Amino acid sequence: MKDTFKHQGMRQQLVETLITKGIKDEAVLKAIGKIPRHLFMDSGFIDHAYVDKAFPIAADQTISQPYTVAFQSELLQVKPGDKVLEIGTGSGYQCAVLIELGAKVYSIERQQELFKKTSKFLPKIGYRAKKLIFGDGYKGLPEEAPFDSIIVTAGAPFVPKPLLSQLAINGRLVIPVGDDVQVMTLFIRKGPKEFEKHELGEFRFVPLLEDKN
Ligand code: SAH
């Protein structure tokens, strides 16, 4: 599959839509304008790639809505060289956005089918994560901590303690918390035991599940 002028044009329209919805971060908008989202979907569905909607991928999971990806990415305030942990690799789209922002990305996926598919696909289109891991994101990745930021891309029924403890000082955790509906929550680590908490509106995600599958 290719990236054509038509795709590029549709992508620019998507970027305009995100701007009207309130996304301001230039680096995030540039990343979304650059990444061929249609390649992250099965070929029969590529007409859906540049509308601002979530879409089914393999293993009953979804590629997040572009607005949600942009919103979460903006909250992370990634600086080039930051060490970032993602929970829920899925299609790899969010991972590609983080790599475009200059992050060194570690990403965990609990569905083996998706893990395998995305591990092959991302390098094929030029996106190299530091490490893609098949495992359970509830535990984080203690051997690589601390992280400058951590992003959870599935709805968490509660905030896993290991994720807070694996943040660097001034590090940021962005996590949608809740069962049916999730509240986007930002934690900023101010000290060893001190966290600032911000709640930033409601979103809907597939659930963060325990253990791997
Ligand atoms: N970031 C992805 C979004 C995928 S949807 C993208 O851009 O496409 C959320 C993903 O989280 C799913 O792939 C799901 O399998 C995964 N997931 C759910 N619970 C998990 C857990 N405990 N650890 C790791 N991944 C998990």
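This passage describes the surroundings of Val159, a strand hairpin and the ligand site in a predicted model.

Val159 is placed in the loop that runs between strand β6 (147-152) and helix α6 (161-165). Because its relative accessibility is 22%, and burial requires a value under 20%, Val159 counts as partly exposed. When residues up to four places away in sequence are set aside, Val159 is in contact with Leu164, Leu173, Ile175, Val177 and Phe187. Ile133, by comparison, is separated from Val159 by 26 residues in sequence and by 20 Å in space, taken from C-alpha to C-alpha.

Phe187, one of the residues that Val159 touches, has Lys197 in β9 as its bridge partner. The two strands concerned, β8 (residues 182-191) and β9 (residues 194-203), run antiparallel to one another and are paired over eight bridges, and together β8 and β9 make up a hairpin in which two residues lie between the strands.

Around the ligand there are 27 residues, of which Gly88, Ser91, Glu109, Gly137 and Leu209 come nearest. Leu209 also offers a backbone N or O atom that lies 2.6 Å from a nitrogen atom of the ligand, while an N or O atom in the side chain of Glu86 is found 3.0 Å from a ligand nitrogen atom. For Arg110, a polar backbone atom lies 3.4 Å from a nitrogen atom of the ligand. The ligand has 590 Å² of accessible area on its own, and the protein covers 100% of that area.

Technical notes:
Residues are numbered from 1 along each chain as its sequence is written. This is a predicted model: local features need pLDDT of at least 70, side-chain atom pairs count only at pLDDT 80 or more; totals for chains, interfaces and linings use all residues. Side-chain values use heavy atoms; hydrogens and water are left out. Helices (H or I, at least four residues) and strands (E, at least two) are DSSP runs, numbered from the N terminus. Buried means under 20% relative accessible area, exposed over 50%, partly exposed in between (1.4 Å probe, protein chains only). Contact means heavy atoms within 4.5 Å. Two strands pair if DSSP finds at least two bridges between them. A residue is near a molecule or strand if one of its heavy atoms lies within 4 Å of it. A polar contact is a pair of N or O atoms within 3.5 Å; within protein, one must be able to donate a hydrogen and the other to accept it, and residues adjacent in sequence count only if both atoms are side-chain atoms. Accessible areas come from the Shrake-Rupley method with a 1.4 Å probe; for residues, only the protein chains shown count as cover.
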